[in-house]
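Biologist: I have a new structure open and would like to learn how to read it. Could we go through it together, one feature at a time?

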Amino acid sequence: MATPEQRSRAARIAAHVQWARTPHRGERTEAARRASPVSIDYWIARITAEGKVRKRDIPKAAENAHKAYMTQMSLKASTARSKAAERSVRRSA
């Protein structure tokens, strides 16, 4: 029976072999990129599925939804950094 470390190494080797045999790397990851909230395609699909926005307004609504998401992520990151800095100051005091 393989140890966790051996299984991890075997999986890493398999991943490297798969990538080495992939002729078009972008095609392999395209579906995941489109399904990511960072992609505008994600927001277009989501806005379209909701069915609340007129067809001609979908691109602008998707852009706004994308900007809102990115701004939320920025706020979360900033809050996390502030809390981390606060903990660091408390530890050193």
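Modeller: Gladly! Let's start with one residue and what surrounds it: Ser39 touches Arg33, Arg34 and His66, leaving out residues up to four places away in sequence. Keep in mind that this is a predicted model.

Biologist: Where is the place of Ser39?

Modeller: Ser39 sits in the loop between helix H2 (25-34) and H3.

Biologist: And is Ser39 buried or exposed?

Modeller: The general idea is to compare the relative accessible area with a cut-off: buried means under 20%. Ser39 has a relative accessible area of 15%, so Ser39 is buried.

Biologist: Let me try one of its partners. What can we say about Arg34?

Modeller: Arg34 belongs to helix H2. Its relative accessible area is 42%, so Arg34 counts as partly exposed. Setting aside neighbours within four places in sequence, Arg34 is in contact with Ser39, Asp41 and Tyr42.

Biologist: Now for pairs of helices. At what angle do H3 and H4 pack?

Modeller: To read a pair of helices, look at the angle and at the distance between the axes. Helix H3 (residues 40-50) and helix H4 (residues 58-92) pack at an angle of about 120°, and their axes are 8 Å apart. Angles of 65 to 115 degrees count as roughly perpendicular and those over 145 as roughly antiparallel. H3 and H4 are therefore oblique to each other. Their crossing is right-handed.

Biologist: Which residues make the contact?

Modeller: H3 contributes Ile40, Trp43, Ile44, Ile47 and Thr48, while H4 contributes Ile58, Ala61, Ala62, Glu63, Ala65, His66 and Tyr69. By type, the residues of this contact are nine nonpolar, two polar and one charged.

Biologist: Why look at the nonpolar ones together?

Modeller: In soluble globular proteins, nonpolar side chains tend to be buried together. Here the largest nonpolar core has six residues: Trp43, Ile47, Ile58, Ala61, Ala62 and Ala65. H3 and H4 each supply at least two of them, and the largest share, four residues, comes from H4.

Biologist: Could you pick one core residue and show me its contacts?

Modeller: Take Ile47. Apart from neighbours within four places in sequence, Ile47 is in contact with Val53, Ile58, Ala61, Ala62 and Ala65.

Biologist: How far apart in space are Ala80 and Met70?

Modeller: Distance along the chain and distance in space are worth reading side by side. Ala80 and Met70 are ten residues apart in sequence and 15 Å apart in space, C-alpha to C-alpha. Ala80 is found in helix H4, and is partly exposed, with a relative accessible area of 43%.

Key. Residues numbered from 1 in each chain as written. Predicted model: local features only at pLDDT ≥ 70, side-chain atom pairs only at ≥ 80, totals over all residues. Heavy atoms only, no water. Axes fitted to C-alpha atoms, helices over the stretch in contact; angles between N-to-C directions. Helix = DSSP H or I, 4+ residues; strand = E, 2+ residues; numbered from the N terminus. Parallel < 35°, antiparallel > 145°, perpendicular 65-115°, else oblique. Left-handed = near helix turned anticlockwise from the far one by under 90°. Contact = heavy atoms within 4.5 Å. Nonpolar A, V, L, I, M, F, W, Y, C, P; charged D, E, K, R; others polar. Core = buried A, V, L, I, M, F, W, Y, C linked by side-chain atoms within 4.5 Å. Buried < 20%, exposed > 50% of the residue type's maximum accessible area, 1.4 Å probe, protein only.
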